[in-house]
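Trainee: I'd like a close look at one part of this model, the pocket, please. Once that's clear, walk me outwards into whatever surrounds it.

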Amino acid sequence: MNSKRISFHSQRCFSSASSSTSSAPPSTLPWISPLHYLKNSPKPDPPTATATPQSEAERKPKFISHGVAISLIKRENDAKRALEIFNAISDQRGFNHNNATYATILHKLAKSKKFQAVDAVIHQMTYETCKFHEGIFVNLMKHFSRHDAHEKVMEMFDLIHPIVREKPSLKAISTCLNLLIESKQVKLAREFLLNCKQNLKLRPNTCIFNILVKHHCKNGDLESAFRVAEEMKKNEISYPNLITYSTLMDGLCGKEKLKEAIDLFEEMVSKDHIVPDALTYNILIKGFSCGGKVDRAKAILEFMKKNGCTPTMFNYSSLMNGFCREGRLEEAEVVFDEMKSSNLKPDAVCYTSLINCLCRNGSIDRAIELLKEMKERECKPDIVTFNVIIGGLCRVGRFGEAFGMVERLPYQGVFLNKASYRIVLNFLIKEGQMDKAMELLHLMMSRGFLPHFATSNELLVRLCDGGNAAYAAKALFGLADMGFVPEIGTWIVLVELICTERRLLPIFKLLDRLVASEL
């Protein structure tokens with residue numbers, strides 16, 4: 001029994017000395033080195049790497065390109081802030097502004113009237129090495145012209161050569177000249193042309209001569225305009241074109257020289273072989289229509305179609321207006337229908353012209369149908385259209401409908417003006433409907449509109465003549481609150497009536513208020 005005991009002691013002896021001296025029987029379990037466990041034991045998972053975010057200061061700044069710079073400047077509404085962005089972007093290493101970024105910031109500054117800043121940026125451009133284009137200065141000329149800075153217009157032109165490093169093109173010259181002429185700066189325009197001729201060796205082209213032709217025609221000096229046209233024919237580079245002839249024809253029509261306009265048209269076609277366009281035809285159609293020769297205008301439209309020039313909405317509209325002017329309503333509607341059948345979409349002005357003609361001829365129901373048609377065709381009526389309808393209703397005595405429109409339209413998103421209310425009020429007073437007139441007066445004053453001075457006086461006098469002292473006093477109080485002071489005659493009539501009815505207290509109060517407002 002003792003021989004079967006397992007000695008755990010002999011198993012725990014790992015040295016060679018102890019194993020050689022031990023007399024215990026060898027263990028039946030295999031010996032395993034501890035290194036085996038170290039070699040085969042599973043390695044623990046490495047700790048999860050947590051990304052530590054870099055601070056803002058350690059992040060690499062993003063480089064802003066020219067395209068992004070332009071976008072940032074355009075999106076900024078504040079011109080001063082836009083200039084700060086422009087300057088901040090230039091601090092980037094390796095970044096230089098180019099023509100596009102300078103053009104964008106200068107347009108922003110000029111549009112916001114920051115002209116001192118414009119001068120500073122232009123001064124900075126003189127130190128740049130990039131290539132600039134004259135379009136920057138052409139745009140600035142237009143901005144300065146809008147603000148009547150005509151000397152600055154010429155200054156911008158003079159800067160083209162030193163900064164762009166090229167002579168100004170004919171486009172830049174014609175733009176500058178046109179801006180000066182349009183602003184009636186004839187003396188500056190003359191100086192400008194002389195300067196261009198001397199310093200730039202300018203040979204005026206057709207475009208430049210056309211500006212002068214337009215100027216003379218606009219001022220009614222047709223003789224000078226035709227002298228310029230004759231001068232143009234001396235050189236091929238400046239030979240008259242369609243614009244030249246159209247401008248001259250327009251000037252002749254404006255002077256009611258219709259025969260001369262037709263003669264010039266025929267000369268243009270037969271001699272110079274210039275093909276007229278819809279705009280040229282419209283000058284003649286409009287000229288004859290306004291000159292009381294609408295049948296001749298119609299013949300021109302037919303001639304236009306036969307010669308392969310498709311009429312536009314403006315051609316039809318001019319002819320229709322001519323028929324309307326002469327009261328030929330049926331023929332005007334025929335032209336209007338032909339325009340629509342030609343797949344042309346009449347605009348609000350065209351609709352309003354025909355509606356006005358219908359209203360003045362008493363065809364108010366047809367006018368209202370056209371108003372509905374406008375809405376169906378998604379042609380938005382303007383305030384003029386509604387005022388024409390309101391006036392038409394009043395002319396045929398349909399005051400209730402006119403009053404209803406004035407009362408209802410603001411709730412439908414139509415912003416009426418003072419004329420809308422005054423049209424109805426004038427008709428009501430004229431027809432003696434004083435109760436309705438007082439109701440409308442209260443409505444328009446509650447919406448911040450004051451009647452015309454003469455209408456207010458007539459209303460008060462009419463109320464007094466009808467013995468309505470209470471209404472007259474009430475109306476005068478309301479009008480006085482909005483700054484109205486009656487004329488002497490109205491005041492005398494009102495005082496006499498109130499004194500007759502022995503209602504002196506209200507008049508004393510009103511006197512005190514009027515005197516206080518004058519002080």
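Mentor: The protein chain comes to 29 helices and zero strands, taking both as DSSP runs numbered from the N terminus, with H or I over at least four residues for a helix and E over at least two for a strand. It's a predicted model, so local features need pLDDT of at least 70 and side-chain atom pairs pLDDT 80 or more, while totals for chains, interfaces and linings use all residues. Numbering runs from 1 along each chain as its sequence is written, and side-chain values use heavy atoms, leaving out hydrogens and water.

Now your pocket. A pocket here is an open set of points on a 1 Å grid over the protein atoms alone, where a 1.4 Å probe fits and protein lies on both sides within 12 Å along at least five of seven lines; lining residues have an atom within 4 Å of a point. The largest one has a volume of about 520 Å³, meaning the space filled by probe spheres set on points joined across faces, edges and corners. Its lining counts 18 residues, with R190, L193, F209, L212 and V228 nearest the centre. Helix 11 (186–199), helix 12 (206–218) and helix 13 (222–232) each supply at least two lining residues, and helix 11 gives the largest share, six. By type, the lining splits into eleven nonpolar, three polar and four charged residues; Ala, Val, Leu, Ile, Met, Phe, Trp, Tyr, Cys and Pro count as nonpolar, Asp, Glu, Lys and Arg as charged, and the others, Gly among them, as polar.

Between helix 11 and helix 12 there's a loop that holds K201. Most residues other than glycine have a negative phi. K201 goes the other way, with a positive phi near 55 degrees. K201 counts as exposed because its relative accessibility is 63%; exposed means over 50% relative accessible area, buried under 20%, and partly exposed in between, using a 1.4 Å probe and protein chains only. E378, in the loop between helix 21 (364–376) and helix 22 (383–395), also has a positive phi, about 60 degrees, and E378 is exposed at 70%.

Next, the packing. Buried residues make up 41% of the 519 in the chain. A nonpolar core is a set of buried Ala, Val, Leu, Ile, Met, Phe, Trp, Tyr and Cys residues joined through side-chain atoms within 4.5 Å. The largest has 94 residues, and L354 and L440 touch the most other members. Apart from it lies another core of 47 residues, including V118, I122, I136 and L202. On contacts (heavy atoms within 4.5 Å), residues 24 or more positions apart account for 60% of those with a separation of 6 or more.

What about the cysteines? A disulfide needs two cysteine sulfur atoms within 2.5 Å, and the count comes to zero. The sulfur of C196 sits 7.2 Å from its closest cysteine sulfur, in C176, so that pair is too far for a bond; C196 is buried at 0% relative accessibility. C357 has its closest cysteine sulfur in C324, 3.6 Å away, also too far for a bond, and C357 is buried too, at 5%.
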